[in-house]
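Words such as "buried" or "antiparallel" need a reason behind them. Let us ask for those reasons, one label at a time.

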Amino acid sequence: LSLEFFLSPKMILLSLGIVVAVALAFYVLIIVTTQRNSPLDNITQRHFSTSKKSYAKLLTTTQLMISAVLAITVTIIGKQISYINSKNLGLDKDIHSINISGVNPSTALTLKQELTKLPSVKSAAVASSVPFFGYWTTLGYYGPSDAEKKYELALIVGDLDLPTVLGISVEQGSAFTHEHSNQPVCLVNQTLAKQFGWENAIGETLPSNSERIVGVVRNFHCNSLIEPIIPAAILINPNGDKLLVKFANSLTDTEYQQVLAIWQRLTGKKDLEILSMSSKLQEINGEHSRMLSLLQILCALAFFITGIGIFANTKSQMQNRLKEITIRKINGASIANIFGMLYKDFALRSIAAFAIAIPIANYLATRWLSQFAYQTNLSWWFYTIGIVLSAVVIVFTITAGALNAGKANPVEVLKTE
């Protein structure tokens with residue numbers, strides 16, 4: 001078993017889940033034990049020894065630490081997923097792909113022409129290798145034979161309209177024109193031009209291929225943002241198994257029925273298989289989104305358990321120090337003074353918990369982010385949010401746990417004593 005196995009998201013989630021479950025079981029045990037004892041037993045500490053008090057403090061501090069780690073981790077993961085979903089991919093996300101495998105090339109061309117006549121369709125292109133819908137990669141070779149080098153190349157293949165439909169902008173040279181229909185030409189991305197040190201790539205030949213470069217396009221992603229953008233070339237081939245369609249707006253039921261009618265009339269096929277690039281992106285990023293949802297649930301559960309623990313600990317302290325608190329009140333101490341005494345104790349534990357939680361959360365988040373080639377910037381407020389949430393839980397639960405005892409009548413308490 002390697003270190004990567006134990007640091008995988010699933011193992012981290014499993015470990016945190018086990019810790020939370022064990023902490024919950026111990027908190028329930030503490031509450032049940034406290035409730036079984038009589039107030040006099042708790043006051044005289046016959047059933048609440050120093051070791052038990054130390055254990056309760058350690059458990060509360062540990063749970064505060066776990067809650068802070070989860071809060072910070074959830075914040076960073078959520079920010080990264082938001083960054084992925086909003087990042088400019090270098091191409092249009094509002095693309096739909098129709099599966100035309102098995103359709104005659106001439107029928108596919110007619111289908112393209114008929115669809116572009118619809119007011120709701122902006123453009124369409126026949127393609128065989130497309131980002132996110134399935135693309136090809138190959139190894140290219142370059143350099144002299146005695147020092148030959150290789151590089152990975154993404155091949156995007158379709159008809160002349162493919163770059164326009166994808167929304168890929170040309171940064172240098174020109175896009176495909178009808179003059180290029182029967183010529184061995186291509187477009188390359190900025191990464192490929194940079195790799196070969198071309199300030200002006202127009203007229204160069206694609207390494208290991210015979211295509212002449214007529215334009216350099218802006219970099220675009222072909223797959224998940226886990227992977228960096230690799231050199232890519234767009235080649236011309238009017239045949240393919242996909243028909244890409246760009247609609248003027250989102251695809252409505254009415255527009256779908258129009259496309260379906262044309263499909264059935266031209267192909268004779270009943271079923272239409274159409275996918276959106278947005279759905280493909282959700283499919284690719286789905287695992288991270290599900291992990292975030294699970295972490296959010298664990299985080300909420302951890303804070304809930306922490307609140308229970310602090311509440312039980314506060315009630316126990318109030319019972320054990322009831323005589324002391326009563327005498328303080330007789331001598332003029334206010335409820336605020338009593339709360340301050342309890343807050344001071346938990347403040348020290350909180351500082352210790354945060355001092356441990358921040359480096360742990362930073363390590364886990366950094367390791368998780370390392371799988372992405374493109375990452376969100378870590379900010380100080382990611383770590384502050386865990387401290388703020390923990391402080392809110394501490395103040396709320398201590399106040400709830402100590403409020404009744406703080407309002408107790410000193411005469412009645414001393415009479416009981």
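## Labels and their reasons

Q: This model is predicted. Which residues of α5 and α8 meet?
A: From α5 come T107, T110, L111, E114 and L115. From α8 come V259, I262, W263, R265, L266 and T267. By class, this contact has six nonpolar, three polar and two charged residues.

Q: What makes E114 and R265 charged residues in this contact?
A: Glu and Arg are on the list of charged types. E114 is a Glu and R265 is an Arg, so both count as charged.

Q: Where do α5 and α8 lie in the sequence, and at what angle do they cross?
A: Helix α5 covers residues 105-116, and helix α8 covers residues 253-267. Their axes come within 10 Å and cross at roughly 150 degrees.

Q: Why is α5 called roughly antiparallel to α8?
A: Set the angle against the cut-off. The crossing is at roughly 150 degrees. Angles over 145 count as roughly antiparallel. Therefore α5 is roughly antiparallel to α8.

Q: Is the crossing of α5 and α8 left-handed or right-handed?
A: α5 passes α8 in a right-handed crossing.

Q: Why is S224 called buried?
A: Buried means under 20% relative accessible area. S224 has 12%, so S224 is buried. S224 sits in the loop between β7 (212-217) and β8 (232-236).

Q: What does S224 contact, leaving aside its neighbours within four places in sequence?
A: S224 is in contact with F132 and I284.

Q: How do you know that F132 is buried?
A: Use the cut-off again: under 20%. F132 has a relative accessible area of 6%, so F132 is buried. F132 lies in the loop between β2 (121-129) and β3 (136-142).

Q: What is the phi of F132?
A: The phi is positive, about 70 degrees, although F132 is not a glycine. Most residues other than glycine have a negative phi.

Q: Why is A352 called partly exposed?
A: Partly exposed lies between the two limits, 20% and 50%. A352 has a relative accessible area of 35%, so A352 is partly exposed. A352 belongs to helix α11 (residues 335-369).

Q: How far is the C-alpha atom of A352 from that of L64?
A: The two are separated by 9.4 Å, and the residues are 288 apart along the chain.

Q: How many of the 417 residues are buried, as a percentage?
A: Buried residues make up 44%.

Technical notes
Residues numbered from 1 in each chain as written. Predicted model: local features only at pLDDT ≥ 70, side-chain atom pairs only at ≥ 80, totals over all residues. Heavy atoms only, no water. Axes fitted to C-alpha atoms, helices over the stretch in contact; angles between N-to-C directions. Helix = DSSP H or I, 4+ residues; strand = E, 2+ residues; numbered from the N terminus. Parallel < 35°, antiparallel > 145°, perpendicular 65-115°, else oblique. Left-handed = near helix turned anticlockwise from the far one by under 90°. Contact = heavy atoms within 4.5 Å. Buried < 20%, exposed > 50% of the residue type's maximum accessible area, 1.4 Å probe, protein only.
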